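Me: I am new to this structure and would like a close look at one part of it, taken slowly. Please take me through the place where the two chains meet, and then through the salt bridges that can be followed from there.

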Amino acid sequence: MYNFYTNVICRQNRRFSKILLVMKLTTLIMVLAILQVSARSSAQKITFSQKKATVKQVFKEIKKQTGFDVFYLPEMFKADQTIDANFKDAPIKEIMDKVLIGQPLTYTIDENTIVINKKSISHIPEQKKDANSIRITGVVTDSTGTPLTGATVTVVPARNEATPASPDKEQPKISSASIFTDEKGVFSIDVSEGDMISISFIGYQTYIFTAKQKAFLKITLHPASTQLKEVIINTGYQLLSKERATGSFSKPDMAVIAKRGGTMDLIGRMEGLVPGLVLTFGDRSVSANNNGNGVTTRNSLIRGTSTILTAQNSAPLLVLNGVIVPDFGTLNLDDVADITVLKDAAALAIYGAQSANGVVVVTTKTGSKQLKPVISYSGYINFRGKPNLNYIPVLNSQQYIQTAKEIFSPSVNPYSDFLTNIAPHETILYNLDMGNISQAQANKSLDSLGSISNAGQIKNLFYRNAFTNNHTVSASGGGGFYSYYGSLGYTQEHNNSPGAVNNTYRVNLTQSFNPGDRVKISLNTSLQNLVTSSGSNLNVSNTYLPYQLFQDAKGNAINMPFMTGYEEGLRQTYEQQSGINLDYYPLNELNYTQSKNNLLAVNVTANGTVQLFKGLSFQGTYGYQKLPGTISSFTDGRSLALRKRILGFTAPAAAPGESPTYYIPATGGDYLTGNNDSRSWTVRNQLVYQTKTANGRDDFSFQLGQEVKEFYNYRTSNVVLGYDQALGTYAQIDYNTLNTNGVPGGSVIGNIVSLLGAPFNISKSLSRFNSYFALGSYTYNNKFSLDASIRQDQSSLFGSDVSTQSKPFWSAGGKWRMSNEAFMKSITWVNDLSLRATYGVTGNSPYNGAGTQSDVISALSGSLGQIAGDAFVIQNPSNRQLQWESTSNINLGLNFALLNNRISGSVDYYYRNSTGLLGTTPINPLTGFVSVLGNVGRITNKGLELGLTTENIRGKHFGWSTNFTFAYNKNKIISLTKPNLYSNVASYGVSTTLVPGLPIQSLFAYRYAGLDNLGDPQIMLHDGTITKKINAAKTEDLKYMGTLVPLFNGGLSNTVRYNRLSLTANIVYSLGNVMRRDVNQFYTGRLTNDGFRSGNIAPSFLDRWKNPGDEAFTDIPSYVAAGKINASRRNTAYYTLADINVVSASYAKLRDVTLSYTFAPQMLKSVGIQSLNIYGQATNFLIWTANKYHIDPEYQSLNSGFRGIPPFTHGYTLGLSFTL
Amino acid sequence: MGSQLAVTTADYDKIMNDPALYFSISNSGLSEAQLMGDEVDAQADLFNGIDATGQREKFFDWSEVIYPHVTSPLPGMLSLQLSQRYALNKVIKEVMNSTEGTPQAKSRIRAEALATRAWSNFQLVNYYCKPYTAATAGTDMGFPLITEPDVNTPVFNRGTLQQTHNAIIQDFTDAIAALPETPAIKTRMSKPAAQGLLGKVYLFMGRPADALPLLKSALASITASGMSTLYNYNTTLAAGGSFLPVNPSVGPLNGPGNNNADLKEAVVSKVFYSGRYNFNVTGNNGLILTAEAAALYGPNDKRLLLYSNINTDREVITVGGKLRKYGVQYSRWGLQLPELYLLSAECKARLNDLAGAKTDLETLRKNRMPAADATVPAATANNQPALIKFIMDERTREFAMEGYRWGDMRRLSVDPLYTGMVFTHHIYDAAGASTTYTLNQPERLVLKLPDYIIDSNPGMVNNP
């Protein structure tokens, strides 16, 4: 390679020569600024003497003595041009000056490269003919200077706005516009001025620039897989370079996030990519509709739970373009440019009273300056299929019938009209018992039921294949004054429910204005429209009565009147007294409800910067969000729910022959309309002062600001009864009488009726924050950095006393970049090594109205029996001792990059001490409340996080890189100021999760001691006593089983690349926590106790204790028909909540595996596409669990042990993105 | 609905309008007592198994331990009283400092809260303390006095039964001074209501002499103002009467028993649902009158029209008193005018004003049956013990199966006139065979406090 400059001349291929000939030699190469022009000149000296030395010889000598390459074009020098060289210890500069003397050439020295260019464009009048056509020549290398052979140089022709080029004129240009670099990494290509040139090489970031002038370029491509480029951290308040930031930040791999099409939830897509960010699953998995906008967000934790409030209160704060948002639902994920997760006090304290749980900062794409418009498309389809109904084990029809026969007990449950849920098989059994049918008839009917399975019908009639379609088209471009990025997005979520429609339309536009040197304004405007509609959801799953079909052989819906809940005789009486049909066709019910939502979200954020005076600037951030939406739903009067309600409001005929009286309309349906309109705004004004010291190595910045935020939520809903869809009419209801007195004299069903509900509901909430903050940072000599911040919040959160709120939140942090020290310079394999330490205090405030220092009362109107008029009730009692939670955070961190940046990462240790814990605490019930929100104790979280990126193989054709995240969190409740005095019983303690000295969400169990000779479960008390006595156990008799929250958690991502094909596999793992397993819960009563939808039971019931002696073989308690005996003789929870039924919840999953192919540009040029990538992804492969019961912990309710139905088994995504 | 702080007098006035103070449907009111009175028997197939935890049966057979050792389900009446107590204490403590109201309005609202608190304490004593006897009240355990709206109170102690009664008397006495003769609506306390209730407390304490002036004053005030009057069943249940028609499931459709908003006979109205209920601990499912109680009614007593001999399963009842009460879905446990007459009559009888007692009795009876039947037989009217017994029976005739009997059983158990009473329950199976339960005296005349109350208050002793 070291003499390739000669080859440039020698290796003129024919095409190259021809091109050269076309150009006039006198039209010399024009100057273009070379990448990374350096002022550094070489101190190297050269000694060289030779008469009539050719230019080539001189350059060769320079190379020999200094190692410097000289780049130039062959036509720059005549072949016979010589100089008399007579240099002694001459600097390169002197030699170059001599060589070029008198020539219209100049040169630059950049590191170990000398590039010769044409002196100045302005002096060379261009010939008109060639005005548009210029030649770009250059060499492409990697960052070590190694030339990259076979890199693709693609030209995207500029659109000529003034005189649109005809297609046939455009065509040849494109065809000549894509070439490859030769084995020396050199290319040369003719383009038009203004064309865009992209240089790409697999495994490296594509470099794009606009052709302006003829030039010789030295282009360095940076590896795509390592983050060697400067990483900018966006805290939402300031931008920091990663090098100088003292806090603990993480940035997920955006490439992985972009391809996880299985969810539209950004938090969900971040799984395993950020050390210390844990997605919770099981029964605390999602919080839906926080803001009335129908958005579901995956619950997550950063660095453990520091509050015992709800999951919502331990979720990270979400920040979009500098403004706090309730969720990312309004965001088109294809517009996300950058995500930064803030984890320690130095990063968080600036968010004040809402900062304790970490912050996720998202910024969206902006237009790149000086780019011609770039149009991009990205889209995918994600297919998930149907829920895995078989995941919950249940009895099959034959087993179900057999079991029903075994446990049928007419003496305990005599037939009466108050028996509810009498299933067909039970009717047969009662008929047999009452002598209405013979044993043979009964057997025949039962056997026939036992041979039917409805599994197929359930799967086909109540579920459809789920898939998601997502498409985004974006355009970006701009110039010096104005740039833009705009996108249009469309998402179709086709869920499992037949008939449901869920479409989201998004428009996003970010504009940047630079009206002058001193003013910068950016404006982000986004609009989202979510349009959904759905039908009835009958919640039919495999726990349904297993033999009951839904349609007959001809496809007609089957009637199941027994499912009305009324005994048959009673049902007929009700029908006759009310004149209301009480049939029930589940299949028809599907059509009886139609809900429609139309939700709009408008988000406008403006950021402005004005340079006031040397280093001093004003910055303003103004955010406004508005989420208006309408919902409507119509429930047909033919639906069973409405028919039953009408029944409850129907008075039977006073005398035979008269008509019943309907107090609510017996025709039409319920029509509900609702409006919600939440809005929030943020105004932040700050003064920023930044300066560098004279030597340029010290940095100082200081920010001072004020921020005001307001969140306002408003919802109304309106219900009319007896609505006629065709006419748009509805009935007038006497709400006052029906709600306060009910049906005069009672209805057909005799019972007190349920409340009709208020026809109109309105709710409003408003909270305000007013805050002052300051941030300062100082960097000394590029080695030492200091950060500090302070913030004070005042909030209107209800009833809080200002004196307790004015507690400041603050942080301080320092960083030492060891690798910039002189003594480290010689250690060449260390590219970066820095130590960080931060400390600070962050806060957590309860949600609006949750805690109060004064009694909060709320109005009550139109409730059942309310005859005395409007009233106030105590909504929250005051707790004058209430304060905000505060968490002190220590973070110690280490950043490193080794071996030419092939290994890089960070290690963080943290200790978080949360005091004044807000929690619902049981209080003395004689006070009138069983619990209040109070400051109840202290929790600590300590942990270790590791983020590691390695480039295992870095080759031209083959590469392998690995990303590994690891987080360990140990959580401990240090104290609870109000111990649960009354909870000192095992039946309470076995379900409680808060015990001092143990982690939050601890799991307890009884010590199982087998069955006795009645098949009743026994436990061992702490003194060794074995008992089955109810209430025998105290909390000290319970066994601590572990925590429900994983101790270890993270992800492992491997990407293998072979030329243009890459394969990425993301594994997530979660270790060290426990869960209950699903066991049979049915030990008494009738098989249909729980109704028909959830009435089927676990097959382990078949293995229960049946006869004395069975206790030697089974742990599963006996069945006792009489509920009273079951409740007084034993406690089956001694088995269901026993230690033997607690298992490890550790698991690892291959979350997704992605195969991606990037097309070679030369294949695309004929269709005018600049780049094209296709990928396929498959998800959700459980590769390891620590339990032997085939439980996937992600779908388990860890505490109760119930299995959830996986919404899908595996998801498959096909995606495509291209740029024009 | 919006949330706010209580600031104005009107705000406090609306707190006293909380429907929970006067209307409750589930597991509340005297619905537990309804299962424990000895005027009821039960039919097993309709009575048992309504609630999953078997508490109905435990109330009925007077079990020692009724509540499972968990916080849920909470005992109904206790929960209701405790949940109201905070608001009452808040009103008592703060309303005088509220804004915009007249001093009279503030005093009135405070007095309503005081009287309501006293009434509430009296209900709690009726479940959780021994029947009052002056001799032992100074040592018997009381019910904790809860007088501050403060969720941070660490521990309560029970004090003595005398202290509890003193507090009840004090609250009523303070309230009477500031209450109006007639309330805006009878869900709110009035002077005659507080006087009548304090009179009842005195009578239940065995102090008829203290009770009578209050009851007289209350009746006089009510008569003068006409705020409460008696329905005359002779007309309302006759052909074309206002209670009609009679519905096969709930009896006289438009009678007060089917209409919670009917306050005509109320002095202070507190309504609870006592009718048939699915899935609940309480409700009158399967309850029938005992043969003895059924025998108390004369054949022309119109109150019999509130009973049916047809069961909810449309079978004819063949056991016990062969009647179930179907015409009263909404029972009253505040203070009803009929009870005021009966309390007055009892006081007079006990104080040997037999003629006065007879007059009060007959004032009620002639509104319940034809005049010919209403007259108290002379043999009874002239015999003090017989008249007192007749008045007690009249209480059963008026209020059977609505929970009133439980309070009477308790006080009669310590009444020298009624020594040696035995209380039994019969439960009949489908074949008509019965099981008999006998109340274990004196312990089971007192409910045990739920364990979580005891556990929350170290040092608190539960009832034996």
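Reply: What follows goes from the interface to the salt bridges, and then to two helices.

This is a predicted model, in which local features need pLDDT of at least 70 and side-chain atom pairs count only at pLDDT 80 or more, while totals for chains, interfaces and linings use all residues. Residues are numbered from 1 along each chain as its sequence is written, chains are lettered from A and ligands numbered from 1 in the order in which they are written, and side-chain values use heavy atoms, with hydrogens and water left out.

The contact (heavy atoms within 4.5 Å) draws 68 residues from chain B and 62 residues from chain A. The area buried between the two chains, that is, the accessible area (1.4 Å probe) lost on putting them together, summed over both, is about 5,800 Å², and carbon and sulfur atoms give 60% of it. Across this interface there are 9 residue pairs in polar contact, both residues at pLDDT 80 or more; a polar contact is a pair of N or O atoms within 3.5 Å, where within protein one must be able to donate a hydrogen and the other to accept it, and residues adjacent in sequence count only if both atoms are side-chain atoms. Among the elements that give two or more residues to the side of chain B that touches chain A are α1 (9-15), α5 (76-94) and α18 (451-456) of chain B, and α5(B) gives the most, with 6 residues. Helices here are DSSP runs of H or I with at least four residues, and strands are runs of E with at least two, numbered from the N terminus.

Between chain B and chain A the count is 1 salt bridge, meaning a side-chain nitrogen of Lys or Arg within 4 Å of a carboxyl oxygen of Asp or Glu. K90(B) forms a salt bridge with D855(A), the closest N and O atoms being 2.8 Å apart. K90(B) also meets E94(B) in a salt bridge, at 2.8 Å from N to O, and these two residues both lie in helix α5 of chain B, 4 residues apart, about one turn of the helix. Both E94(B) and K90(B) are buried, which means under 20% relative accessible area, with exposed being over 50% and partly exposed in between (1.4 Å probe, protein chains only).

Elsewhere in chain B, D415(B) pairs with R350(B) in a salt bridge whose closest N and O atoms are 2.8 Å apart. This pair links distant parts of the chain, with D415(B) in the loop between α17 (404-413) and β13 (424-428) and R350(B) in helix α12, 65 residues apart. D415(B) and R350(B) are both buried, and they belong to a network of salt bridges that also includes K200(B), E339(B) and R395(B).

R395(B) is one of the buried residues of α16(B), and 12 of the 16 residues of this helix are buried, so it is largely enclosed by the rest of the structure. N383(B) caps the N-terminal end of α16(B), with a side-chain oxygen 3.1 Å from the backbone nitrogen of A386(B), and just after the helix M401(B) takes a positive phi of about 65°.

The buried residues of α9(B), including L212(B) and L215(B), pack against α7 (161-178), α8 (191-204), β6 (266-268) and α12 (337-350) of chain B. After α9(B) comes G226(B), with a positive phi near 70°.
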